[in-house]
Amino acid sequence: MKTHAQVVVIGGGVVGCSVLYHLTKLGWTDVMLIERSELTSGSTWHAAGGFHTLNADTNMAALQGYTIQLYKELEEISEQSCGLHHVGGLTLAGTPDRMDFLRAERAKHRYMGLDTHLVGPDEIKELSPITNVEGVIGALYDPLDGHLDPSGTTHAYAKAARLAGAQVVLRNPVKETNPRPDGTWEVVTEQGTVIAEHLVNAGGLWAREVGAMAGVYLPLHPMEHQYLVTEDIPEVYEAGRELPHVMDPEGESYLRQEGRGLVIGFYEQACDAWAVDGTPWDFGHELLPDKLDRIGDSLGFAFRRYPVLERAGIKTIINGPFTFAPDGNPLVGPVPGLRNYWTAVAVMAGFSQGGGVGLTLAEWMIEGEPSRDVFAMDVARFGKWVTPGYTRAKVRENYQRRFSISYPNEELPAARPFQTTPAYGIWKNQRAVFGAAYGMEAVNYFAPEGEPLHETPSFRRSNAFDATAAECRAVREAVGINETHNFGKYRVTGPGAADWIDTIMAGRVPKVGRMSLSPMLSPKGRLIGDFTISRLGEDAFQLTASFGAQDYHMRWFQQHLPDSGVTVENVSTRRIGFQIAGPRARDLLARVAHGDVSTQALPFMAVREYDIGLCRALVQRVSYTGDLGYEIYVDAEDQISLYETLAAAGADLGLRPFGMRAMMSLRLDKSFGSWMREFKPDYTPAETGLDRFVSYNKPADFIGKAAALKEKAEGPKRKLCTFVIDTDPAQQDADVWADEPIWVGDEVVGFVTSGGYAHWSGKSVALGFLPTKLVADGRQVQIEILGTRHDAHMVAEPLFDPKGERMRG
C-alpha cells in the first residue's frame, strides 16, 4: 500500500467506487480507495438494485438520469457486466392529488428532455398485466427505469477506476483520520498510514463513525428496510417479456421482476431505526432478523394490487439497513470548517444516484465547483444546529413518507418545533400557522378564528389563500409587521474587511451608513449568493442573505478568508427583530425612534442606529415587500421589548402581522427574485437581471470577474422574465409553483422558476426563463399548470409601484 495519495476514499460501496471512478475520469489518477472488508460490504450487497429518474428536485432527477445512462459506458470500459434490465417503470396514482403530482412531474420532464408519459388504466394493464388497476386513475411511465446487479455494478466502477490508475485496498479498516497543518490528512489504517491531500468519507453504514474520527457529526441514520423475493410465478415467466417496475404509493411498495418470480419491497409506517448508538465495526455481510409483522398491512394491500402474490411462495426475505439524511437526499461536498475533507454519504438510492454523486464530487474537487446546482444534496444544507435526536425523528418521517406526495406548500411535523425566536409565543397566541426552515420556526400565515391551525397540503390554492390576501392588503393599505430572523446575517469586521468584501462580492462596497445589493459569484460566474451589504463603520459590516444558506455561505467565507485582518461571525440567530412595511411604516417608526427618520435623515438603502423604546436598534431602510419599509435589528434578548413598543405604537395605524405566504405574494408585485428559486448556482447575473448590481469596472479582481465580463460581452442566451396568466383568476384554482414548462406554439422554450398569486395586484404571476431572442414586452406564451396550458403574457414593468416611488419615497 502506498503512503501518499492525492485522494483517499474511505468506503467500498457503490458510492465510494463511483467517486473513485469519476476522479480518474476527470483526470486525477493518484487516488486510492480503502475498504474495511470487501467491496459491497454494508448496504450495497443486499440492495434491491432498482433505478429510476423520478425526483422532486430537477437537478437530482437530472443526475439520476446521468447515473442510469452511465452504466452502458461503464460496461464498455470495464468489460464487466452491470446486469442491466431497462424494463421501464410505472408510478401509480390512486387519488386526484397523486395524479396532480404526476402531472407536475411530467411537466418538469418536458423541459428536462426526459421521455416520460402519463398513461391510463388500460395502458397500465397492457404494460403490467399482473397489476390490478381497480381504483387507479393513471400512472407516470418512464422507459429508463429498471434494475441491475448491485455487486457487478460496484465491481465495474472499481475495475474502471483501477484501469485508469486508481488503487483499491481491501480488508484494511481505517483507525484514525488526523488533519495536518498544511491541509492534508493522515489516514491511519491497519496496514499502515497514508497521507492524503484530500479525504472522502464514503463510509455508508459507517459514515457516522468515520466522520467522528475527524470530529464531525453527519446528520444521517440507518433504517431497517425489508423486501421479499418470491418463488417462480407462471404469470411472470410466461409473460413473454420482462415486466416493468411498478411503484404503488398507496400501498407503500415497489415491485419488479426477479428471474421467474417477483421482488416486492415496502416503506412501511411501522419502521425501525437501526444501530442508534453506532454501527458495529464487525457488521458487513449479515442480514437483520425478519420482521414480517411490520409489513402485514402493506402486504395485504399488495395482494389486492397484484393478485398473483397471494399464490406465490416466498423464497427469500431480505431485511437490511440503509442510511438516510433527514430529508432523504445525500450529503455530498466539502464539510464546513474542515480543509480538504469531503463527504459522499447518506446515498439511500445508490443505483439511481451513485453515478451523479460521484460525478458531482469529482467536479467539485478537480474543477472547483459542480457543473450544476447541487444544494439539494450539499452537506452544508444542514448546520451545526442539527442533533442526533432531530436527525432520527426526521429520518423516520422521511422513510415513512418515501412514497408520499411531496406538496409544494407542505410543512412536515416531525421534530418541530425545534428552534424558535422569543416572539414565537406572541405569534402562537395570534393563531400563527408555522413553517420551518433550517430548523427554525417561521410564521407562514395567521389563521382567522374558526379556521384550522394547519394549511391543507395541495398543488392548488389552499385554505391559506384568503388569510394571505388579507395580510397583503394590510401591508399595502396600512402597515404590516413580521420577523427578520429568517435572514442569514454575518458581521464582518477588521482593518481588511472592506477590501475582502470588495473581492468576494461582485457589487460595490457602500459608504458608511449606506447599503448595497450584491451578487456573490463562483469562479465560473455563477450565482452563489444574493446579498445586502450594510456598512456600519469604516471596518464594520453586516451581510444579509438567505437563512437556509448559513453553512453554505460560511464555508465559502472561510475558504476565502485572509490569514489576518478580517473576522466573520454568523450572527443569524443573535441579531433578530422585525420588519415593518406599508404606507404607514414611517409614521410608526417616527413614533418609537429617538431621532429623525424622515427621508432626508434615513433615505432608501440607508442604515442607522436608533434608540427604539428600551432597545438600541439597527434600522435599515429596505423591504422585500417592495413597499415603504424598514428592517429593525436588535439582540435576541431585546426582541420582546421591541415588539411591545411597536405593537403599542402601531395599534391605531392598523398594524397587523403578516407571514411568509404574504411576503412571497407581495414580492411578485415587484418581480423580486428569491434565493434558490430565481437566484442559484445554475444561473448567472446577466440571465437573472442581477447584472445591474455587478460593478464590472471596479478595480478589485472579485471572484468570478473574468466570467462575468465574458458573459457581459457575449450576452446571455436566456433571461428571467415575469408573466401574467391570462385566465380569469375567478376561474382558476391553481397557480404555478416552479418548474412548469413555458410553451410557444408546440415547442417548450423555457421554464418557470417560481410564482403564485399576487393578491394585491389580483394576478396569477409566474417568473421564468425565456430565450433572449423571444424576450419582448407583451410576448404571448402558454404556461402548463397541472397538465393544462394557460395563455400568459410577459410584463416588463412591476405590477405595483413600477417607478419605485413608494419604496424609495
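Me: How many of the 10 residues of α17 are buried?
Reply: In this predicted model, 8 of them are, so α17 is mostly covered; buried means under 20% relative accessible area with a 1.4 Å probe, protein chains only. Helices here are DSSP runs of H or I with at least four residues, and strands are E runs of at least two, numbered from the N terminus.

Me: Which residues of α17 are the buried ones?
Reply: A662, M663, M664, S665, L666, R667, L668 and D669.

Me: And what covers them?
Reply: The cover includes β20, α12 (465-477), β21, β27 (575-581), β35 (747-758) and β36 (763-771).

Me: Any ground rules for the numbers?
Reply: Residues are numbered from 1 along each chain as its sequence is written, and side-chain values use heavy atoms, with hydrogens and water left out. As this is a predicted model, local features need pLDDT of at least 70 and side-chain atom pairs count only at pLDDT 80 or more, while totals for chains, interfaces and linings use all residues.

Me: Back to D669 then. Why does D669 count as buried?
Reply: Because its relative accessibility is 0%. D669 lies in helix α17, which spans residues 660-669.

Me: What is D669 in contact with, leaving aside neighbours within four places in sequence?
Reply: R476, A758, W760, S761, P798, L799 and F800, where contact means heavy atoms within 4.5 Å. Just after α17, S671 takes a positive phi of about 60 degrees.

Me: New topic: what is the strand order in the open sheet of 8 strands?
Reply: The order is β5-β6-β4-β13-β14-β15-β12-β16, and the pairing is mixed. Two strands pair if DSSP finds at least two bridges between them.

Me: Which strands stand at the edges?
Reply: β5 (117-119) and β16 (314-324) do; each has a single partner strand, so one side of each is left without a neighbour in the sheet. On average, neighbouring strands of this sheet are turned by 25 degrees against each other, direction ignored.

Me: How does β12 pair with β16?
Reply: β12 (residues 221-230) runs antiparallel to β16, over 10 bridges. One bridge puts E224 opposite P321 in β16.

Me: Which helix packs on the sheet by touching β12, β15 and β16?
Reply: That's α10 (residues 388-400), with a direction at about 25 degrees to that of β12. Elsewhere, α3 (residues 96-112) lies across β4 (89-93), β5 and β6 (138-142), at about 30 degrees to β6. Axes are lines fitted to C-alpha atoms, for helices over the stretch in contact, and angles run from 0 to 180 degrees between N-to-C directions.

Me: What volume does the second largest pocket have?
Reply: About 720 Å³. On a 1 Å grid over the protein atoms alone, a pocket is an open set of points with protein on both sides within 12 Å along at least five of seven lines, and lining residues have an atom within 4 Å of a point. Volume is the space filled by probe spheres set on the points, which are joined across faces, edges and corners.

Me: Which lining residues of that pocket are closest to its centre?
Reply: Of the 31 that line the second largest pocket, those are P334, W364, R555, W556 and Q559. The largest share of the lining, 5 residues, comes from α14.

Methods:
Buried < 20%, exposed > 50% of the residue type's maximum accessible area, 1.4 Å probe, protein only. 1 Å grid on protein atoms, 1.4 Å probe; cavity = no way out; pocket = protein on both sides within 12 Å on 5 of 7 lines; lining within 4 Å.
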